[in-house]
Amino acid sequence: MTKKLAGLLALFMLMAMLAACGGNGANKPTNEGTTPSTTAPADDKKQPSGEKKVIKMLGWKQSTNNTVIESINKKFEEKYPEYKVEYVTTAPDDEYKQAYKTRVPAGEVDIFADLSAMRLSPSDWTPGAKVPDWQQFIDNGLIQDLSDQAFIKNYNESDIKDGGTYQDKVYAIPAGKVAMGGLFYNKDIFAKYDLKVPTTWSEFINVNEVLIQNNVTPIAMAGKDKWPVKLAAMNLQAQLLAGGNQSQFIEGLWKGTSKFNDPDAVEVLEKMKTIQDKYTINGFMGIDYGTLTSYFTGEKVAMMVNGVWEAGAVQAAKPDMNFGYFPLPATDDPAKIKLIGKYDMTWYVTSNGGNTEGAIKWLEFFSQPEIYQEFVQATGFLPVQPNIATTEFLDAEVQPYMNNFEVAYEIKMINRENIGQHLEAEGIHTEYLAPGGEFKTAKELADVQQKEWEAAAPK
């Protein structure tokens, strides 16, 4: 009996082993979309149809930028059919920052663009400073070192150094520079009322008063998204803080020699309140960025606060519109007028997304002068590659001001950890001023900002 039972047991064990072997055959469920194993053919183009390598790209919603990136993606896929680019976008600014903060560490992104270049890195005089996201990513090994990539040489050495280098290694490619501290203006409306581009604060006020007297709403801003309001404020900051030396003002905040409620900082808030209260379209705090341009092209206003990147959208919406651009003046000294800006759309390749190789291949394709030329022409960015032609709009309306171009406050400012809501995201947040906000005067908001700065100081 014992031998018989032992024989049956051996038979059952053999059947189980055969069944297990059979489970590795054609009837096993497939796991489509995974990275091919190391035994896959070295030439990706020989892979069976449907097994393309996906490049997961993350960006933010901006119609002009999105259109040209999608065009470049299509051309990339035509040249490299083994790849498929999945381009996902979110709302800009805070929502986008939250998206990459969660998706990059989770390995859900192969390539993404930051909203500006490397910035806000702590200095020896900023104890307890907030460490920027890009630096945290690099320090934790989540960003690919691009230093040895040949396409780096396509860019201006100074721009790569200023916008993409950390600890002597290249980790990012800034796609271009943008000016963003000015206003688009309708040249036909200005001509109708014999108005000239203002070069002083008094002239700017006069332009607005003449428009109001003729029942023309002067300005549109997108207050619902908050960040567009900062564009005008930052041009005021560059001209007013510390007499026009905002770097000195920022360093002074850390060293205790300047404050957010100093007269120059309060003047920035007061002048923004004047613009918001007297000259901006009613209900601007309810206007979202996506519809802002329609107020300008629809001639509901004479001017629009926006960055130069929106020129393409204006032209697309109304090709025959006669419009220009000028920096917002903050003082009555024309020599102090400045146009602020930043590096924009800075590309990073992740090390943990699953397709680092494909992401680098895309960036190499993007960096070709003819492809980069297409991108610059569409977006209105000022190029960071040599011998790249800009648009007629930039040549005529922006280049004349570039001698007084300065990096914006939000790029220079090094913030403290756990800063209060009235100073977060390196802004001054004039949306908190009445009537839309809680503070009736600029001084009240400035006092709260200074208290929040002091409260966030390291203990």
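A residue counts as buried here when its relative accessible area is under 20%, and as exposed when that area is over 50%. Keep those two cut-offs in mind, and remember that you're looking at a predicted model.

**Stop 1: helix 11**

Select residues 289–297, which form helix 11. Colour Tyr289, Leu292, Thr293, Phe296 and Thr297, the buried residues of this helix. Now turn the view to look down the helix axis: these buried residues fall within an arc of 125°, so they line one face of helix 11. The general rule behind that pattern is that an α-helix has 3.6 residues a turn, so residues three or four places apart point the same way.

What sits over that face? Show strand 7, strand 8, strand 9 and strand 10, along with helix 8 (227–240) and helix 12 (311–317); the cover of the buried residues of helix 11 includes these elements.

**Stop 2: the sheet under helix 11**

Keep those four strands on screen. Helix 11 lies across strand 7, strand 8, strand 9 and strand 10, and runs at about 155° to strand 9. The strands make an open sheet in the order 8-9-7-10, with mixed pairing. Which strands stand at the edges? They are strand 8 (219–220) and strand 10 (323–327); each has a single partner strand, so one side of each is left without a neighbour in the sheet.

Now zoom in on strand 7 (residues 182–186) and strand 9 (residues 303–306), which pair in the antiparallel sense over four bridges. To find the register, click Tyr185 and then its bridge partner in strand 9, Met303.

**Stop 3: two helices side by side**

Next, select helix 7 (residues 201–213) and helix 10 (residues 263–279), whose axes are 11 Å apart and make an angle of about 10°. With an angle like that, helix 7 is roughly parallel to helix 10. Show side chains where they meet: Trp201, Phe204, Ile205, Asn208, Glu209 and Ile212 come from helix 7, while helix 10 brings Lys271, Thr274, Ile275, Lys278 and Tyr279. Colour them by type and you get six nonpolar, two polar and three charged residues in this contact.

**Stop 4: strand 11 and its partners**

Move on to residues 339–349, which are strand 11. How many of the residues of strand 11 are buried? The count is 11 of 11.

Work through the partners of this strand one at a time:

- Strand 3 (residues 111–114) runs antiparallel to strand 11, and four bridges join the two. Click Ile111 and look for Val349, its bridge partner in strand 11.
- Strand 6 also pairs with strand 11 in the antiparallel sense, over six bridges. Here, Lys177 stands opposite Tyr343 of strand 11.
- Strand 12 (residues 405–407) pairs with strand 11 in the parallel sense, over three bridges. Gly341 has Val407 in strand 12 as its bridge partner.

**Stop 5: helix 5**

Leave strand 11 visible and add helix 5 (residues 157–164), where Asp159, Ile160, Gly163 and Gly164 are buried. Look down the axis again: the buried residues of helix 5 fall within an arc of 100°, so they line one face of the helix. The cover over them includes strand 4 (165–166), strand 5 (169–170), strand 6 (173–179) and strand 11. Flip to the face turned away from the buried side, and you'll find the exposed residues Glu157, Lys161 and Asp162.

**Stop 6: a loop with odd backbone angles**

Finish at the loop between helix 16 (409–412) and helix 17 (442–455), where Pro435 is found. As background, most residues other than glycine have a negative phi, and most peptide bonds are trans. The bond joining Ala434 and Pro435 is a cis peptide bond, with omega about 10°.

Two more residues are worth a click in this loop. Asn418 is located there, and its phi is near 55°, a positive value in a residue other than glycine. Glu426 lies in the loop between helix 16 and helix 17 too, and has a positive phi of about 55° although it is not a glycine.

Is each of these two residues buried or exposed? Asn418 has a relative accessible area of 73%, so it is exposed. Glu426 has a relative accessible area of 3%, so it is buried.

**Zooming out**

Show the whole protein again: there are 17 helices and 12 strands. Of the 459 residues, 53% are buried. Among contacts between residues at least 6 apart in sequence, 75% join residues at least 24 apart.

Conventions: Residues numbered from 1 in each chain as written. Predicted model: local features only at pLDDT ≥ 70, side-chain atom pairs only at ≥ 80, totals over all residues. Heavy atoms only, no water. Axes fitted to C-alpha atoms, helices over the stretch in contact; angles between N-to-C directions. Parallel < 35°, antiparallel > 145°, perpendicular 65-115°, else oblique. Contact = heavy atoms within 4.5 Å. Nonpolar A, V, L, I, M, F, W, Y, C, P; charged D, E, K, R; others polar. Pairing = 2+ DSSP bridges. Buried < 20%, exposed > 50% of the residue type's maximum accessible area, 1.4 Å probe, protein only. Arc of directions from axis to C-beta.
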